[in-house]
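Please open the model in the viewer and keep the sequence panel at hand. The tour below proceeds by selection, with a short account at each stop.

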Amino acid sequence: MNLSGLSVKRPVTTLMIILIVVIFGIVSLFRLPIDLLPSIEIPVAIISTSYQGVGPQEMENLVTRPLEESIATVGNIENISSTTSEGQSVIIAQFVFGTDMDFAALEMREKIDLIKGLLPDGASNPMVLKIDPNAQPIVQISLSNSGDLADSQSIAEDMIKPRLERLEGVASVEITGGYENQIEVNVKNEQMHGYGLTTDYLAGIVGGENLNLPGGEVQRGNQKLTIRTVGEFQSVDEIENLLIPLPTGGVIHLNDIADVEMKNKELTTLAKTNGQNAINISVQKQSGTNTVRVANVVSQEIEKIQDENKDLDIQILFDQSDYIQTAINSVASSAVLGAVLAVIVLLIFLKNFRSTFIIATAIPVSVIAAFTLLYFSDVTLNLMTLGGLALGVGMLVDNSIVVLENIYRFRQQGYSQMEAAYLGAKEVGMAVTASTLTTVAVFLPIVFMEGITSTIFKEMALTVTVALFASLLIALTLVPMLSSKLLKLESAKQRKYKVIDKIIKVLDNGYEKIESRYRKILHTALNHRGWTVLIAVIIFVGTLASIPLVGTEFLPETDEGQFSINVSVPVGAELEEIEAVMTEVEGKLEDIPEIKTVFSTVGSEGNSGNINCVLKDLDERQRSTQEVADEARNMIHDIPGAEKTVSAFSSVSMGSLGGGAVSIKIKGDDIDTLKTIGDDISKIIGSVDGVEEVESSMEEGIPEVQIRVDRKRASQYGLTAAQIASSVRDTVSGITATQFKHEDDEIDVVISGDDTLTQSISNLEQMMISTTAGFNVPLGQVAEVVVDRGPITINREGQVRVATVSAQILDRDLGSISSDIEKKLQDYNMPAGYTYEMGGENQEMIEAFQELALVLILAIILVYMILAAQFESLINPFIIMISVPLGLSGGILALVITGTTLSVPAYIGLIMLAGIVVNNAIVLIDYILTLRKDEEERDKAILKAGPVRLRPILMTALTTILGLIPLAFGGGEGSEMEAPLAIAVIGGLAVSTVLTLVFIPVIYSLIDDAKNRFRKRVFKKTD
C-alpha cells in the first residue's frame, strides 16, 4: 500500500503525525534566531606591521614586498593587496569563499615566521587578523548629563561600559567624544637646562616616587606581617612639591622648573547628537550571536540604567534590530497576504468551502514543517529564508490542487469517498512528485556558486525546497485523508444561501466564456500552425530585443533608513576646523524633514569626520533613503573647505568585497605616472552622466616639518640622530611618567616641554638638546629644520603598484554607467607598461551573472532529465521544455515594464521560472498522451485536453502569481531583495501560461507530424 492509501486507511495516525509536525514547527519558530541576512563570513585576513620613522618606499621594499611574496604561497588565496604608508604596512589577503579562515590564518603565520628574520630589526612582529563583518556596531547610544563631558566620559567608562560588556552576546563597547583628565607637568626649558636636567631624568624621578611596592615579611611576636613601601602620590600638591635631586648636588622642587596642573587632554575626537556635544557609545555583538536578541538585551539594560539615574540623558540613536524586525514583519505580512489571495483564488475556482479548506491546509502546514527543518539546519529566520517562504506560498497548493481535482473526478464517476481518495491520489502521485522535482531541481546548481551571492541565496533555496517537499507530503497524505472524510458532491439544491448560488452562477458563466474563447483560439491555432509559431517567435525575439532596455546592477539597495556623510578637510587641519565644517553641514540637514536623528564623530580618522543620519520609519516618509541622501548631497555640495561623500547604508553591500559602485584600478611601477593617469581617468569618468563623488587614491604628499640631522656637527657634541629624535619627541609630545590615582581612576602624568617651542619653526630651532658632556646645544646647531612634503601612501595589488579611482552612481543603473565609462576609456592613450581594469560592484556583478548563467543552463538540463525519466521519452520532455524560453521572455518583459533592473535576485527569478513554467505544460501534455492511449485522434485529443486542463492550469498559475504580488509590489522594509525575483516570476509565469495553452499543443502536433514522417521514411511504417 502506498503513502496515500496508508493515510486514507489510518486517518487518526495521519492526523497525529501532522499535529506532531505542527507542534515541532511552532516550537522551532519561536526558537529560530532572527537576523537581517544569512551569516556572512568574509574570507579576508590582514597582516599589519609597523616600523617607526621609515618612509613608504623603504617600508615597501623592506617589509611589504617580502611579506607579500611569503603569503602568496598560502593555499586558496585569491588576491593580495597592500597599503604602505610612513611606518606602517597593511596587507590584505583575500581568499576563495568557503575557505576555513582559522586554518588560513594559521598557515599565514607559519609562512611569515619563515621570513621574519629577514625583516629589519626595528620592525614589529607582523600581526595576522581575520576580518569579521559583524564588527559593525548594532546599537549606537548617546550619553549626556548636566555636568561637563569629562563627567559623562567617566560615567560611560566606569558604569555603562562594564554593565553592557557583561551582557551575553556583547563583544565590545567603544566610547568616543569625551574629555580625559591628565596631570600635565609643563617644564620651563630655560630653568630646567640651567640646572642640567632633562625630560627623561624628570620622568624617571616622578615615576620612581609614585610607587607602592611590597617589601617581604617581618616577624611581630607570633605574627608575620607583610612589608609594603607606600609612596604613591595623594594629591597634585604633592607632585608640585616633589624634590628633584640635582646632578651637581642639592635639590629643588618640581614647581621651580615646571607648572603642574590637572587639566583635560587635548581633544582628538568629538561626538555630537543633534548638534549637541555628547558621549557616543557603540556596542558590537559577538560573532555568531543573534543580532535582535543581543540588541534587545542591550536596550533593556539601558532602560534600567536610565531608571536608576534620572539625571542622565541616554538616547538610543541607532538600533539595527529595529530595521531587522520591521523588515521581517513586512516580508511575513506579504507572505500571509499572498496566502490569503491564493486561497481566494481556490475558492473562486472550486466554489466549495470544503474543497478550499482541504487544499488551503497545505500552506500553513508546509510552512510550519519548514520551520522545523530550518531550526535543525542551524539557519536563522532572515529576509532570505522568510522571503523563500513568501515566494513559495503560492506554489505550495499546486500539488494539492492536482490531487484534489483527480479525487473529485473519481467521486463524480461514482466511487466512494475512501476509494476516490485512494485511487485519485495514487493515479497522480508520480506526476506531482515529478512536478515538485522539476521546481526543486533549479535550486540544486546554486551549490556550484561562490561568493556573497551563494551565501545569501543558498538559504532561500533551502527554504523553498523544504517547503515544497513538505507540500508534496501534505498532498499525498493529508489531502487524501481529509478528502476521504470531508469531500462531498454538492448540488445547487443543497446550498442554503441563494446569494452564494448567484455568485457561483456569475463565476461559472465567466469561466464558461473563457473556456469557450480558449477552445476557439486553440482550434484556430491548430488550423494555422505556421502563423502561431511565427507569432510566438516574434514575441520571443521582440522580448530579447528589449533586453538592452533593462538596466543591470549587482544587488538592489535596501532602504534601511540611514545614510552617512564623510567630511574630509586638508591634512594638518585642527580639530576646530573640522568641527566648523561639520557644524555647517549639520545645519543644512536640519531642513530635511525625513531626518529623525543626526549623530556625528569628528576627528576619529585624522582629518575627517563622519555624520550619521537616521531617518523616520518608511511609513512616515514619502521618499526613499537614497532620495533623501541625494538631496543632502546637493545641499552640502557648495560648502567650502572640505570634500564630502554621501552614501546610503546597506547591510548587503557591507558583505561586498569589490569596493565602491564604480572602481577602476590602474597598475604600473612609477608613482608619479600612476597619479597622472589617475587624475586623467578621474576627469573622464566624472564626465559620465550619473557619476558622483569621483575620488583617486593617489593623494598629494602631506606637509610636515622635517628635522634633518647634520651628522658631522652632531658628532662633535657627542650626539646621535636617535638622541636628537628622542629629545625632540619627549619635549614636544611629552612623556607619560606614571599614573596618578584620582577618585577611583588612574590619570596619566605627562611631562612635556614649553608650549612656546612649538608655536613657530624658529622657536623649535631654539629647543635645547642636552649632550652627554652635561651642557645644552640648540637644535638648530645640529640639525636643519625645514618644511617639506611627506611621502604618500603606496597601494599594491597582485604585488604591483596600483592607483584606484572610485565613484558613486546616481539615477542610473550600474551596468549602463560602466558601459559608458569603458567606451570613454577606450580612447585614452595608456602609457606603455600600465594597465587598467574595472573593479568594484561591476566586477562582482559580472562574475555573479556568469555563475548564474551556468546555474540556469544546469537547471534546464536537470529539468529535462527529470521530465525524460517521468515520461520515459526524449521527445515529449523537449516539447514541454519549449515553455522555458517563453517563461524567460515573460520575466524579462516584466522587468522592462516595471522598470526593474536585472540584478542577482531577478536573475534567480529567471532561473526559478525554468522549473515552474514547465508544470503547466506537464499537465497539458500528460493528459493529451493519456487520451491518445485511449485511441483518441491527435487533434481531437488536443482540443479535448486543452479545455479540460484549463481550470487546473489557471488555478495553479493564479495562486502562484497572486501569492507573489504582495512581495513584488507591496513595498515596505526589506522587500527590495525579493521584489525583483517576484516580478520576474510573475511576468514569466503569466506569459508562459497564456502561450503554453496555445503554443505547446501546436508544437506537439508539429513534432508529432515530423516524427511520423521520419518513421515513414526510415522504418516504412506509421502509427
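What follows is a series of stops in a predicted model.

**First stop: the hairpin of strand 8 and strand 9**

Select strand 8 (residues 212–220) together with strand 9 (residues 223–230). The two strands run antiparallel and are joined by eight bridges. To check the register, display Gly-216, which stands opposite Ile-227 of strand 9. Then turn to the connection, where two residues lie between the strands. Gly-221, in this hairpin, takes a positive phi near 65°. How many of the eight residues of strand 9 are buried? The count is zero, and the strand is accordingly described as hardly covered.

**Second stop: Thr-273**

Move on to strand 13, which spans residues 270–273, and select Thr-273 within it. Is Thr-273 buried or exposed? Its relative accessibility is 9%, and because buried means under 20%, Thr-273 counts as buried. Now display the residues that Thr-273 touches beyond four places in sequence: Ser-142, Ala-278, Gln-315, Leu-317, Val-598 and Phe-599. With Ser-142 there is also a polar contact, made side chain to side chain at 2.9 Å. For a sense of distance, select the C-alpha atoms of Thr-273 and Thr-463: these residues are 190 residues apart along the chain, and the two atoms are separated by 42 Å.

**Third stop: two buried serines**

Select Ser-366 in helix 13 (residues 362–376). Ser-366 has a relative accessibility of 0% and therefore counts as buried. Which residues does Ser-366 touch, leaving out those up to four places away in sequence? They are Leu-396, Ala-467, Ala-470, Ser-471 and Ile-474. Ser-471 deserves a distance label: its backbone nitrogen lies 3.3 Å from a polar atom of the Ser-366 side chain.

Next, select Ser-400, whose place is in helix 15 (residues 398–412). Ser-400 is buried, with a relative accessible area of 0%. Apart from neighbours within four places in sequence, Ser-400 is in contact with Ile-359, Ala-362, Ala-475 and Val-479.

**Fourth stop: helix 14 and helix 35**

Display helix 14 (residues 383–392) and helix 35 (residues 938–969). Their axes come within 7 Å and cross at roughly 140°, so the two helices are oblique to each other. The meeting residues may be shown as sticks: Gly-387, Ala-390 and Leu-391 on the side of helix 14, and Gly-963, Leu-964 and Leu-967 on the side of helix 35. This contact divides into four nonpolar residues, two polar and no charged.

**Fifth stop: helix 16 and helix 30**

Finally, select helix 16 (residues 417–441) and helix 30 (residues 840–871). How are these two helices oriented to each other, and why? Their axes cross at roughly 170° and come within 9 Å. Angles over 145 degrees count as roughly antiparallel, and helix 16 and helix 30 are therefore roughly antiparallel to each other. From helix 16, the contact is made by Ala-431, Ala-434, Leu-437, Thr-438 and Ala-441. Helix 30 contributes Leu-862, Val-863, Ile-866, Leu-867 and Gln-870. Colouring this selection by residue class shows eight nonpolar, two polar and no charged residues.

Terms used. Residues are numbered from 1 along each chain as its sequence is written. This is a predicted model: local features need pLDDT of at least 70, side-chain atom pairs count only at pLDDT 80 or more; totals for chains, interfaces and linings use all residues. Side-chain values use heavy atoms; hydrogens and water are left out. Helices (H or I, at least four residues) and strands (E, at least two) are DSSP runs, numbered from the N terminus. Buried means under 20% relative accessible area, exposed over 50%, partly exposed in between (1.4 Å probe, protein chains only). Contact means heavy atoms within 4.5 Å. A polar contact is a pair of N or O atoms within 3.5 Å; within protein, one must be able to donate a hydrogen and the other to accept it, and residues adjacent in sequence count only if both atoms are side-chain atoms. Axes are lines fitted to C-alpha atoms, for helices over the stretch in contact, and angles run from 0 to 180 degrees between N-to-C directions. Angles under 35 degrees count as roughly parallel, over 145 as roughly antiparallel, 65 to 115 as roughly perpendicular and the rest as oblique. Ala, Val, Leu, Ile, Met, Phe, Trp, Tyr, Cys and Pro count as nonpolar, Asp, Glu, Lys and Arg as charged, and the others, Gly among them, as polar. Two strands pair if DSSP finds at least two bridges between them.
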